[in-house]
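This briefing is for a reader meeting the structure for the first time. Please look over the sequence and the model before reading on.

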Amino acid sequence: MALLPFDDRDGFIFLDGKIIPWREAQTHVLTHALHYSSSVFEGERCYNGNIFKSEQHSERLINSANLVRIPMEMSVADIENAKREALEANGFKDAYVRAFAYLGGEQMGIDTSKCVTHFAVACWTDWISYFDPEERKKGLTLATVPTRRPPPMCMKVHSKSAGNYQMSIIAKREAQELGAYDALMLDWEGFVAESSGANIFMIKDGEIITPNPDRFLNGITRQTVIEMVKTMGYSVDESRRITPEELFTADQVFLTGSAAEVSLVSRIIHEGEEHNFAVGGDAQRIAESYTDLVNGQS
Ligand code: PMP
């Protein structure tokens with residue numbers, strides 16, 4: 001399928017209270033968010049007409065905005081309505097949904113006290129798989145990269161805010177330069193954090209281990225998968241940090257995210273050495289159970 005540019009498509013976008021044609025959802029070059037990353041966003045998936053964990057995403061959007069001091073007047077119910085309107089206007093039942101809030105062009109500079117918060121929802125259907133389907137099938141290759149997750153006193157690491165994604169974007173490029181598909185990001189102290197856009201889990205001797213999320217986004221999918229695997233009978237350790245060396249002893253490694261869903265990792269490149277993991281087994285069962293869960297089958 002030819003790549004459709006995101007700013008030149010048919011369809012509709014919800015912008016500042018109303019549904020407008022996709023191509024008319026324009027913003028000025030002096031939009032504050034464009035210069036200072038003053039924006040927060042959500043990435044969600046609608047499965048067969050239902051956005052999975054929709055209210056939790058709306059709550060997180062408001063929380064992210066509060067953390068980075070973007071004034072947000074909208075309630076969870078307002079955001080829910082906007083998402084529904086956007087999906088309905090486009091006639092989508094299965095789609096990726098992007099709700100976001102950003103500061104406009106009323107003011108330039110670091111003082112944002114006179115900026116106005118804008119709110120939009122766009123949705124699209126061509127992210128059936130967030131990762132390249134071929135790469136996902138054979139298991140993703142990650143590489144540890146120079147860019148690290150910063151300490152929470154320096155960045156609002158629990159907000160899904162654009163500023164945090166500068167690190168993700170650089171990390172992904174660094175990983176690609178190392179011949180990998182995505183980045184394994186460590187935190188500033190060298191412990192395992194997450195990938196550029198998903199949380200990470202390891203399975204070792206049947207136990208599931210994932211780093212405690214006090215230094216990065218505690219993903220909604222991460223929380224969902226932890227609850228789900230417990231009901232499947234697995235024990236989960238989410239209470240401590242993981243070193244890269246411990247991660248490399250794993251039998252299996254997988255990533256979780258609303259867009260990424262559950263995606264298996266086959267290889268991690270670290271300081272020139274390759275560590276390989278099985279693609280299948282428990283991780284594959286967990287991926288399939290997650291698919292059933294989001295589709296309302298369990
Ligand atoms: N970490 C980062 C950096 C992400 O971008 C995402 C995707 N939102 C996640 C983790 C996973 O979060 P969620 O499961 O809520 O989508």
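Strands E3 and E5 (residues 95-103) run antiparallel and are joined by 8 bridges. This pairing belongs to a predicted model. The points below start from strand E3 and then turn to strand E7, the salt bridges, a pocket and a surface patch.

**Strand E3 and its partners**

- Strand E3 covers residues 39-47, and 9 of its 9 residues are buried.
- On one side of E3 lie Ser-39, Phe-41, Gly-43, Arg-45 and Tyr-47, on the other Val-40, Glu-42, Glu-44 and Cys-46, and both faces are covered.
- Within the pairing of E3 with E5, Glu-44 is placed opposite Val-97.
- E3 also pairs with strand E4 (residues 50-51), in the antiparallel sense and over 2 bridges.
- In that pairing, Tyr-47 stands opposite Asn-50 of E4.
- The hairpin of E3 and E4 has 2 residues between the strands, and Asn-48 takes a positive phi near 50° there.

**Strand E7 and its partners**

- Strand E7 is made up of residues 140-144, and 5 of its 5 residues are buried.
- Leu-140, Leu-142 and Thr-144 point one way from E7, while Thr-141 and Ala-143 point the other way.
- E7 pairs with strand E14 (residues 261-270) in the parallel sense, over 4 bridges.
- Leu-140 has Val-265 as its bridge partner in E14.
- E7 pairs with strand E8 (residues 182-186) as well, again in the parallel sense, over 3 bridges.
- Thr-144 has Leu-184 as its bridge partner in E8.

**Salt bridges**

- The model holds 20 salt bridges.
- One of them joins Arg-45 and Glu-261, whose closest N and O atoms are 3.8 Å apart.
- Because Arg-45 lies in strand E3 and Glu-261 in strand E14, this pair ties together parts that are 216 residues apart in sequence.
- Arg-45 has a relative accessible area of 7%, so this residue counts as buried.
- Glu-261 is buried too, with a relative accessible area of 12%.
- Another salt bridge is formed by Arg-149 and Glu-194, with 2.7 Å between the closest N and O atoms.
- Arg-149 is in the loop between E7 and H5, and Glu-194 is in strand E9 (residues 192-195), so that distant parts of the chain, 45 residues apart, are linked.
- Arg-149 counts as buried at 6% relative accessibility, and Glu-194 is buried with a relative accessible area of 7%.
- A salt bridge also brings together the side chains of Arg-222 and Glu-238, at 3.5 Å from N to O.
- Arg-222 lies in helix H6 (residues 220-231) and Glu-238 in the loop between strand E12 (236-237) and helix H7 (244-247), so this pair ties together parts 16 residues apart in sequence.
- Arg-222 counts as buried at 1% relative accessibility, whereas Glu-238 is partly exposed, with a relative accessible area of 28%.
- Asp-8, Asp-10 and Arg-23 are joined into one network by salt bridges that share partners.

**The second largest pocket**

- The space in the second largest pocket is about 380 Å³.
- This pocket is lined by 20 residues, and the closest to its centre are Tyr-36, Ser-37, Ser-38, Val-68 and Ile-70.
- H1 and helix H5 (162-177) are the elements that give two or more residues to the lining of this pocket.
- Ser-37 lies in the loop between H1 and E3.
- Ser-37 counts as partly exposed because its relative accessibility is 35%.
- Ser-37 and Tyr-165 are 128 residues apart along the chain, and their C-alpha atoms are separated by 9.3 Å.

**A nonpolar surface patch**

- Val-29, Leu-30, Leu-34, Tyr-36, Met-108 and Ile-110 form a nonpolar patch on the surface.
- Together these residues have about 610 Å² of accessible area.
- Val-29 is found in the loop between strand E2 (18-21) and helix H1 (32-36).
- Val-29 counts as exposed because its relative accessibility is 57%.
- Tyr-36 belongs to this patch and is also among the residues closest to the centre of the second largest pocket.

Methods:
Residues numbered from 1 in each chain as written. Predicted model: local features only at pLDDT ≥ 70, side-chain atom pairs only at ≥ 80, totals over all residues. Heavy atoms only, no water. Patch = residues over 30% accessible without salt bridge, like charges linked within 9 Å, V, L, I, M, F, W, Y side chains within 5 Å. Areas by Shrake-Rupley, 256 points an atom, 1.4 Å probe, with all protein chains shown as cover. Salt bridge = Lys/Arg side-chain N within 4 Å of Asp/Glu carboxyl O. Buried < 20%, exposed > 50% of the residue type's maximum accessible area, 1.4 Å probe, protein only. Pairing = 2+ DSSP bridges. 1 Å grid on protein atoms, 1.4 Å probe; cavity = no way out; pocket = protein on both sides within 12 Å on 5 of 7 lines; lining within 4 Å. Points joined across faces, edges and corners; volume = space filled by probe spheres on them.
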